[in-house]
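Please open the model in a viewer and keep the sequence panel visible. The tour below proceeds from one selection to the next.

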Number of protein chains: 2
Amino acid sequence: MQELIRQSSLFKDVGSDVFAQVLETCIPRSVEEDGFFFMQGDAASHAFVLLEGRVKMLQITPNGQQITLRILTPGQTYGGIAILNPLEGYPATAQAMENSTALAWDTAHLRKLAEMEPSISLNAMQLMHAYITELQERQKALVTDRVEQRIARILMKLASQYGKKVEEGVLINFPLTRKDIAEMSGTTLFTVSRTLKEWERQGMVKIGREKVCICKPHGLVSLADDLVRR
Amino acid sequence: MQELIRQSSLFKDVGSDVFAQVLETCIPRSVEEDGFFFMQGDAASHAFVLLEGRVKMLQITPNGQQITLRILTPGQTYGGIAILNPLEGYPATAQAMENSTALAWDTAHLRKLAEMEPSISLNAMQLMHAYITELQERQKALVTDRVEQRIARILMKLASQYGKKVEEGVLINFPLTRKDIAEMSGTTLFTVSRTLKEWERQGMVKIGREKVCICKPHGLVSLADDLVRR
DNA sequence: TTTTTAACTTGCGCCAGCGCAAAGACAAAA
DNA sequence: TTTTGTCTTTGCGCTGGCGCAAGTTAAAAA
């Protein structure tokens, strides 16, 4: 566990003396499947490092539609804005996709730690920067790419994050519904279903209930980069 | 000028001793209309505070299409990621929309300043956080709103940023082409043109060449929030 | 095993918005 | 004043993708 925190994006490169304080000031927090670590708009009082499980960052629109922003795996940081004024609200909701455990630090401790060890601030900024880049990429995709390309891109990304080599190709190694994919790529589950079926016909993927396996990654990449149109 | 830096989002709340160093370490930088402060992907070597002019942050897609991310006014900070490892590339391009002047600080000085004065780091994070929130809002809009709503929202935002009261209503006080609006709202200049004309027919706006004046702000808000469909 | 629940597929109709082309309207330069 | 370049409008055709409804499959619960 210490190992995981040491490698976490927020506390990497922290000197061992300060690191001891990091360990002292954390609060463990467990949330079961479909529960929430925090909701969009809540006062940003804690930053989290995920220890085990999977957590989905999402937004909910006024009319109830969901947008999935990202899926987190152990070692990743979320709610990092807590280092700022806790009057800021979290910009998104963090929901556990399975029983999950995380460590939490509150604003006061975070700031104290950051003052002792500037690299914590830099790490937090690095995190935010990475996220900004990702959001911009996604925005670009939403504006310029067809739905098909966006789905291809999401699958490639999930595969690189959760891919597991099996005999038929690369399996995305956790239950993933058509609706999940739709919420990540900004479309509907119907369109996702149709697209995946078409790809299966072409032998590019193999699909099942809550399961996607990529047989021809190269074909998907071509699609994502718009090198080929169907 | 000092006043402007004092109030700038990056250096506000900086103690007067460190502030003196802020002033010492800056480099003035002028760029004329259509010129660039930096391009997406360039090594992020400097952070800027705009003194005068207007600067557009944009992305260019592989096929040449532009996406406008935001428009900056004097006092605003851009290129703030320079505080991180300069190996990071700027996530977007900064182009002057008119002759513009800014002050720049390089990574080395920024870091030194941030170490002396933690509030600089906090300010930088605050900036990034505000930007993240904005990007998420925009992503939500792209996924869930109709083009009409998105245009309405962009106009409201521009009006709140640059609005000038005139007799007919609130004028967006700088030359703004249909193409500009399209790049901000993720659509085409044709659709923008049609939409604005329709709104003019309804008396909601008054438009001219590179000019938009909002006569019934309330009507636009209703549209943006989808309280009414045409 | 049967039942229930949730995920998925598929056909069909529809329309918002795109893309193009051609023409019109300004503004600045010559 | 005329010219030139840029910005804008508008008609027309087209289609990607949405939305719904009805049916199918598969897993989980009873």
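Begin by selecting DNA strand D together with the protein residues near it, that is, residues with a heavy atom within 4 Å of the strand. There are 19 residues around DNA strand D, and those that come nearest are A:Val147, A:Thr187, A:Thr191, B:Ser193 and B:Arg209. The model is a predicted one, in which local features need pLDDT of at least 70 and side-chain atom pairs count only at pLDDT 80 or more, while totals for chains, interfaces and linings use all residues; side-chain values use heavy atoms, with hydrogens and water left out. For making selections, residues are numbered from 1 along each chain as its sequence is written, and chains are lettered from A and ligands numbered from 1 in the order in which they are written.

Now colour the strand by sugar, phosphate and base. Of the atoms of DNA strand D within 4 Å of the protein, 60% belong to sugar or phosphate, and the rest belong to bases.

Next, show three residues of chain B. A polar side-chain atom of B:Arg209 is 2.6 Å from a base oxygen of DNA strand D. In B:Glu210, a backbone N or O atom lies 2.8 Å from a phosphate oxygen of this strand. For B:Lys197, an N or O atom in the side chain is 3.4 Å from a phosphate oxygen of DNA strand D.

Which elements give two or more residues to the surface near DNA strand D? They are helix H7 (189-201) of chain A and helix H7 (189-201) of chain B, where helices are DSSP runs of H or I with at least four residues and strands are runs of E with at least two, numbered from the N terminus. H7(B) gives the most, with six residues. By class, this surface has five nonpolar, five polar and nine charged residues; Ala, Val, Leu, Ile, Met, Phe, Trp, Tyr, Cys and Pro count as nonpolar, Asp, Glu, Lys and Arg as charged, and the others, Gly among them, as polar.

Move to DNA strand C. It is surrounded by 18 residues, of which A:Ser193, A:Glu210, B:Val147, B:Thr187 and B:Thr191 are the closest. Sugar and phosphate make up 61% of the atoms of DNA strand C that come within 4 Å of the protein.

Zoom in on A:Ser193, where a polar side-chain atom lies 2.6 Å from a phosphate oxygen of DNA strand C. A:Arg209 has a polar side-chain atom 3.0 Å from a base nitrogen of the strand. From B:Val147, a backbone N or O atom lies 2.7 Å from a phosphate oxygen of DNA strand C. H7(A) gives the most to the surface near DNA strand C, with five residues.

Finally, hide the DNA and select the interface of the two chains. Here 37 residues of chain B are in contact (heavy atoms within 4.5 Å) with 37 residues of chain A. The two chains bury about 3500 Å² between them, 68% of it on carbon and sulfur atoms; buried area is the accessible area (1.4 Å probe) that two parts lose on being put together, summed over both. In chain B, B:Met125, B:Gln136 and B:Gln139 lose the most area to chain A, together 19% of what that side buries.

Which elements of chain B give two or more residues to the side that touches chain A? Select strand S4 (55-60), strand S5 (66-72), helix H3 (107-116) and helix H4 (118-144) of chain B. The largest share, 20 residues, comes from H4(B).

Note on methods. A polar contact is a pair of N or O atoms within 3.5 Å; within protein, one must be able to donate a hydrogen and the other to accept it, and residues adjacent in sequence count only if both atoms are side-chain atoms.
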